[in-house]
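Colleague: Can you take me through this model in plain terms? I'm new to this.

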Amino acid sequence: MAGLAFDTIRDPARWIAEGTPARALPAARTGQEGRPAAGTVRFEALSKTYRSAAGEVRALDSIDLEIPAGAIFGIIGRSGAGKSTLLRAVNRLEEPTSGRVLIDGAPIAALDTDGLVALRRRIGMIFQHFNLLSAKTVRQNVALPLVVAGVPRAEIGPRVDEALRLVGLEAKAETYPSRLSGGQKQRVGIARALVSRPEILLCDEATSALDPETTLSILSLLRDINRRLGITIVLITHEMSVIREACSHVLVLEAGRIAETGPVWRVFGAPEHHATRALLEPLTRGLPEDLAARLRPHPAPGAATVLRITYSGREAPDLSALAAAAAAPVRLLQAGIERIQGHAVGRMLVAVAAAGADPGVEDRVRALGGVVERIGYVATDD
Ligand SMILES: Nc1ncnc2c1ncn2[C@@H]1O[C@H](COP(=O)(O)OP(=O)(O)OP(=O)(O)O)[C@@H](O)[C@H]1O
Ligand SMILES: [Mg+2]
């Protein structure tokens, strides 16, 4: 899309929906008379099947889910899991095969053309490849949704200035996209999405083209926008660190279904589904190589028991309580505890000496909190 002049865009309504919504929104975000707050997205038994000559693909299968207003909601899953399809159902870039999507309690399938245009103005979208017009300046790119929506000229200038200020790009207003870094281009994309003052911002792999440092700065910008404007952000990523850094909630999709969902600290702290564990593996680190080589499935006389303890609680584990529960010398093999949203989340590998014959050790350690797995045994003398 980058490089197109606006008049060559064949379907402006769709183009706007994909990157450039428009017009102001009511600022109220509190649900009144039992109605959900502005920015609430609800999927009810949502299914999508793509049909082509090659056959059928069930991209989404009975998704029931609510994205609370004001959340930063991350969607993860393997390639082809249905992430983009779900995101694009929010502004009806994809029409579901069955089930429905409700925004602030109202089903969006019922909207006529005008209603759909109005809905898309309430929903901003940013992309991996920015979708900026190269022949237009930063200011013109950001102004475009307002121009298309017929917002009076006198209003556009201040609105664009406001959006550029939000993303820290005031100084680049007259610059062309080709002279911007990737991070700056994405800031323009974000400003263009925000200029319409949306209540929901959809991000499909918005940081995937950026280096780690720039990714962090864009994530901190998104968090800031979420906090200051109260916008609901729905974010697809393949980087678990993005979820950990930015999101309040996470959904794990697997083959079009919900594998698990919940607050990030809970899902990442104690992943229940194998898909989540597989996705998290790079983040949580596997066993150290030397230990993996020494690990035995059965206890030998005198062997130490290796326990993996996964925590997600308010407080980090109490080590003296751990030693007392083990009732034997405990050696720390590897540990990493981080704080996510006020919770201690992480994993410890410990070796409990000569506990092979003590089947109760796991239960006693488990009673302290956390998920405890006996992963094997190591002889103490090798
Ligand atoms: N327009 C389409 N026609 C046919 N099949 C499609 C179409 N769009 C998506 N699919 C299929 O639907 C499934 C879900 O696709 P989707 O793009 O939602 O996955 P995704 O989770 O976003 O993957 P990725 O991480 O690779 O972006 C995939 O099997 C994909 O091949
Ligand atoms: Mg995708």
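Colleague: What share of the residues in the chain is buried?
Modeller: Buried residues, meaning those under 20% relative accessible area (over 50% is exposed, in between is partly exposed; 1.4 Å probe, protein chains only), make up 48% of the 382 residues in the chain. This is a predicted model, where local features need pLDDT of at least 70 and side-chain atom pairs count only at pLDDT 80 or more, while totals for chains, interfaces and linings use all residues. Residues are numbered from 1 along each chain as its sequence is written, chains are lettered from A and ligands numbered from 1 in the order in which they are written, and side-chain values use heavy atoms, with hydrogens and water left out.

Colleague: And how much area does the chain expose?
Modeller: About 17,500 Å², by the Shrake-Rupley method with a 1.4 Å probe. Carbon and sulfur atoms supply 52% of that area.

Colleague: How many helices and strands are there?
Modeller: The chain has 13 helices and 14 strands. Both are DSSP runs numbered from the N terminus: helices are H or I with at least four residues, strands are E with at least two.

Colleague: In what order do the strands of the open sheet come?
Modeller: The order is 6-7-8-3-9-10, with mixed pairing; two strands pair if DSSP finds at least two bridges between them. At the edges are strand 6 (123–127) and strand 10 (257–263), each of which pairs on one side only. From one strand to the next, the twist averages 15°.

Colleague: How many bridges join strand 9 to strand 10?
Modeller: There are 6, and strand 9 (residues 249–254) runs antiparallel to strand 10. V252 is opposite E260 of strand 10.

Colleague: Which strands does helix 7 touch?
Modeller: Helix 7 packs on the sheet and touches strand 3, strand 7 and strand 8, where a contact means heavy atoms within 4.5 Å. Its direction makes about 155° with that of strand 8. Axes here are lines fitted to C-alpha atoms, for helices over the stretch in contact, and angles run from 0 to 180 degrees between N-to-C directions.

Colleague: New topic. What is the phi of E205?
Modeller: It is positive, about 55°, although E205 is not a glycine. E205 sits in the loop between strand 7 (200–204) and helix 7 (212–229).

Colleague: Why does E205 count as buried?
Modeller: Because its relative accessibility is 14%.

Colleague: And where is Q341?
Modeller: Q341 is in the loop between strand 12 (330–340) and strand 13 (343–352). Q341 also has a positive phi, about 45°, and is not a glycine. With a relative accessible area of 38%, Q341 is partly exposed.
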